[in-house]
Every structure is written in C-alpha cells, then in structure tokens.
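This briefing covers one helix and its surroundings, then the packing of a helix pair.

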Amino acid sequence: MGADAHSPQDVFLPSLVGQKGVFSMKYRTALVTGASSGIGAATARLLAEEGIFVALAARREERLRALVEDIEAGGGHAAAFPVDLSEADAPERLFRQVCEKLGNVDVLVNNAAFGYYGYFAEMDLETLRNMT
C-alpha cells in the first residue's frame, strides 16, 4: 500500500466502533449477510474481534458453521443462519429468527449478492427477478 493507503480495518472499524471507548459496540449484535466467504466473512471476523456478537447469514451452511467455529476459536461469538435471501420471504424470516435467538440487531452488513455474467439482453426473466 502507498503512503496514503489505509487497511480496511483502519477505515471501517474506527467509524463503526469508535475511538478508545468513545462509542463501543461491544456486546452488541451484527447481522452479516453473504457471510460465508469474501468480504462478508472478513467483516464478520473483524466485528467479532471487537466483541460484537455476529449473526452469520448465507446459503452455504457448511461454510457458515466453519466460520462460527473459527470466530469462537478466536474468542468471539457467532451464530449461523443458513438462508437463501433470493426467496421473497427470506429477509423477513431471517430477521425474525435472528431477533428470536439473539435479541435486537444493532448493525446490518447487507453484503449478500450474486453475479450474472453475460449480456443483459440475454438474461432470462427468472434471473432478472432474483436480482431484485
């Protein structure tokens, strides 16, 4: 990184959890969608390191379970919520499940997504509907 570059931790976490106790998110709950890999998993790990209980949501249950084990091995707290957020009622169902198990959700990291590779004009209607 160059002299002016910052790591994701330098930029993201201070704005979320505050500086030296000014605003602490410790003992709060964050719901991270798309948590089974990539940015979602990395964000969940960072939040857990700060003492935030992390609710992990994604389609790949085995990866969620592995991430829960990883976070808990590092002293953090996490719970897995396998879900396919492309289903119409899934967001509401997920929120209800998380609240029933963990109480309030204090932070939402809305990271779930999927990609489509090809021309928009060639996309079938079902794929288009799943993206909205």
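**Helix α4 and the α2/α3 pair**

On one side of α4, Glu92 and Glu100 are exposed (over 50% relative accessible area, 1.4 Å probe, protein chains only). The other side of α4 holds buried residues (under 20%). The model is predicted: local features need pLDDT of at least 70, side-chain atom pairs count only at pLDDT 80 or more, and totals for chains, interfaces and linings use all residues. Residues are numbered from 1 along each chain as its sequence is written, and side-chain values use heavy atoms, without hydrogens and water.

**Helix α4**

- Residues 90–102 form α4, a run of 13 residues (helices are DSSP runs of H or I, at least four residues; strands are runs of E, at least two; both are numbered from the N terminus).
- From first C-alpha to last, α4 reaches 18 Å, close to the 18 Å expected at 1.5 Å a residue (1.5 Å times one less than the number of residues).
- Ala90, Leu94 and Val98 are the buried residues of α4.
- These residues cover an arc of only 65° around the axis (taken from the directions from the axis to the C-beta atoms), which puts them on the same side of α4.
- The buried residues of α4 pack against β1 (29–33), β2 (53–58) and β3 (78–82), with contact meaning heavy atoms within 4.5 Å.
- Gly103, just after α4, takes a positive phi of about 95°.

**Helices α2 and α3**

- Ala41, Ala44, Arg45 and Ala48 in α2 (residues 38–49) meet Leu67, Asp70 and Ile71 in α3.

How values were computed. Axes fitted to C-alpha atoms, helices over the stretch in contact; angles between N-to-C directions.
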